[in-house]
Amino acid sequence: MAESSRELFEEAKKIFPGGVNSPVRAAVKPYPFFVKYAKGAYVYTEEGNRLIDYVLGYGPLILGHANDYVLNKIKEGLNNGWLFGAPNKNEINLGKKIISYVKPGGKIRYVNSGTEATMTAIRLARGYTNRKYLVKFDGCYHGSHDSVLVQAGSAATEFGVPNTLGVPNDVAKLTLVAKYNDLNSLENIFRNYGDEIAAVIVEPVIGNMGVIKPNKDFLQGLRKITKDYGSLLIFDEVITGFRLSMGGAQKYFNIDADIVTLGKIIGGGFPVGAVVSKSEIMDYITPEGKVFNAGTFNAHPITMIAGLYTLEFMEKNNVIDKASNSAKILNELLLDYGIEYTINRVESMMQIFFTDKEINNADDARMANKELYTKFHESLINKGVFIPPSQFETMFTSYEHNEDIINYTAEKIKEVIKGM
Ligand SMILES: Cc1ncc(COP(=O)(O)O)c(C=O)c1O
Ligand SMILES: NCC(=O)CCC(=O)O
């Protein structure tokens, strides 16, 4: 049996396209390391190497890996069985908690991924408004379903398929693309298609083109234009939900969306997605209404436990502030070292771009030196630090990233950059 990551990857390539089950994992060069286990701020490879983890499962693990409090709750829960095909109390407990934080907080529907959440939210918006067009922004990533794989960021950009093969043009043309941080581009679209636009979907902070912050007034402008035309505003908070604040980006920027999609953190590291909106809109979803959604694994009992106790741990332990503060210190240390590359950070989301220009939209991000980033990533792995293998992803910090870990990381980043 294969032992090393290199050998395991050879095995994997025989049975998985590209050797992986999600493309970004194959961006780790020369081959992905295989993880044996993970705890706290660290992942441990098959070879026994310890890496400080700034990928954190691509965002869900704001508590770090295998948090003991959550772990014990999951173990207890497993004793009661793990799939019922019938309701279970924990889905109410978690749902009430989420709704108490996330505006407009009327009702929630759980699904199993961020992809399903945005797919359902878009269908809901179309069903509710009886309109057909969707507007998204260049570089935003909302998962891997047809209507959002148009000028998509994340792995779709990393692997050169922002517009994927397999989506018929008849479908793709219902998705109109505006430029992030550019209200004029949005106004132009609305002038032409305004009364046929069901919704605008946006990552309030882009986390799938590296990190890109909204300019002052951008999100407010979005809110105003959608309201003026009677379109719904969907905040895709799959990354930002329970990360920028317990109320997500809505609370952080003081903007109210019409529909919010969640994922990642609310499942505590188990597969999850959710749609939240006011009851009047949510009641369009089956079985109350006629917008279809269903799922064998919706509100999975173990996910509900992991999510519930993750949020409870966050409430009691000041997790968001701790994670944010770690990223802030890392950012400041790098600036103190005179590192001249562009660092974008919002709370515990951060990315380094190899350019001296500001990064305010997807075009800017595509102009940064991707090859240098790849080299940077590879060198950091060799020094025991795992950041995302793609420029078009986000580094995350967690509750477990203490000052020693941050100082160590900053030193290693400095060494790597000096050597480049
Ligand atoms: C903003 C955003 N929306 C949607 C998704 C899709 O989520 P998932 O990978 O769980 O399908 C992601 C992440 O991958 C995301 O970052
Ligand atoms: N930022 C994009 C993701 O988090 C997705 C991870 C994956 O598709 O493996």
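Begin by selecting Lys264 in this predicted model. Leaving aside residues up to four places away in sequence, Lys264 touches Gly59, Pro60, Gly114, Val238 and Ile239. Is Lys264 buried or exposed? Count the C-beta atoms around the residue: there are 27 such neighbours inside 10 Å, and because the threshold for a buried residue is 20 or more, Lys264 counts as buried. Along the chain, Lys264 sits in the loop that links strand 9 (259-263) with strand 10 (273-277). The UniProt record, an unreviewed entry, lists Lys264 under "modified residue: N6-(pyridoxal phosphate)lysine".

**Ligand 1**

Next, display ligand 1 and the residues around it. The shell of ligand 1 holds 14 residues, and the closest are Ser113, Gly114, Thr115, Gly143 and Val238. Two of these names, Gly114 and Val238, have already appeared among the contacts of Lys264. Which element gives the largest share of this shell? Select helix 4 (residues 114-129), which contributes three residues. Colouring the shell of ligand 1 by class will show three nonpolar, nine polar and two charged residues.

**Ligand 2**

Now move to ligand 2. Select Ser22, Val24, Tyr58, Gly59, Tyr141, Ser154, Ala155, Asn208 and Glu393, which surround this ligand. Gly59 is also a contact of Lys264. By class, the shell around ligand 2 has four nonpolar residues, four polar residues and one charged residue. Both domains take part in this shell: domain 1 (5-67 + 317-418) and domain 2 (68-315) each supply at least three residues.

**The two domains**

Colour the chain by domain at this point. The domain assignment places 5-67 and 317-418 in domain 1, and 68-315 in domain 2. How far apart are the C-alpha centres of the two domains? The separation is 24 Å. The contact between them takes 33 residues from domain 1 and 38 residues from domain 2.

Keep the side of domain 1 that touches domain 2 in view. Helix 12 (319-336), strand 11 (342-346), strand 12 (349-353) and helix 13 (362-367) each supply at least two residues of this side. Strand 12 provides the largest share, with four residues. Sorted by class, this side of domain 1 comprises 18 nonpolar, 12 polar and three charged residues.

**Strand 8 and its partner**

Select strand 8 (residues 232-236) next. This strand is mostly covered, for five of its five residues are buried. In a regular strand the side chains alternate between the two faces of the sheet. In strand 8, Leu232, Ile234 and Asp236 point one way, while Leu233 and Phe235 point the other way. Add strand 7 (residues 197-202), which runs parallel to strand 8 and is joined to it by four bridges. One pair to highlight is Val202 with its bridge partner in strand 8, Phe235.

**An open sheet**

For the last stop, show the open sheet of four strands whose order is 1-2-3-13, with mixed pairing. Why do strand 1 (35-39) and strand 13 (385-386) each have one side without a neighbour in the sheet? Each stands at an edge and has a single partner strand, so one side is left free of a neighbour. Zoom in on strand 1 and strand 2 (residues 42-45), which run antiparallel and are joined by four bridges. Within this pairing, select Lys39 and then Tyr42, its bridge partner in strand 2.

Definitions and conventions
Residues are numbered from 1 along each chain as its sequence is written. Chains are lettered from A and ligands numbered from 1 in the order in which they are written. This is a predicted model: local features need pLDDT of at least 70, side-chain atom pairs count only at pLDDT 80 or more; totals for chains, interfaces and linings use all residues. Two strands pair if DSSP finds at least two bridges between them. Domain bounds come from an automatic or database domain assignment. Two residues are in contact if their C-beta atoms, placed from the backbone, lie within 7 Å. Ala, Val, Leu, Ile, Met, Phe, Trp, Tyr, Cys and Pro count as nonpolar, Asp, Glu, Lys and Arg as charged, and the others, Gly among them, as polar. A residue is near a molecule or strand if its C-beta atom, placed from the backbone, lies within 6 Å of it. UniProt positions are given in the numbering used here, feature names are shortened, and annotations may be inferred rather than shown by experiment. A residue is buried if 20 or more other C-beta atoms lie within 10 Å of its own, exposed if 12 or fewer, and partly exposed in between; C-beta atoms are placed from the backbone.
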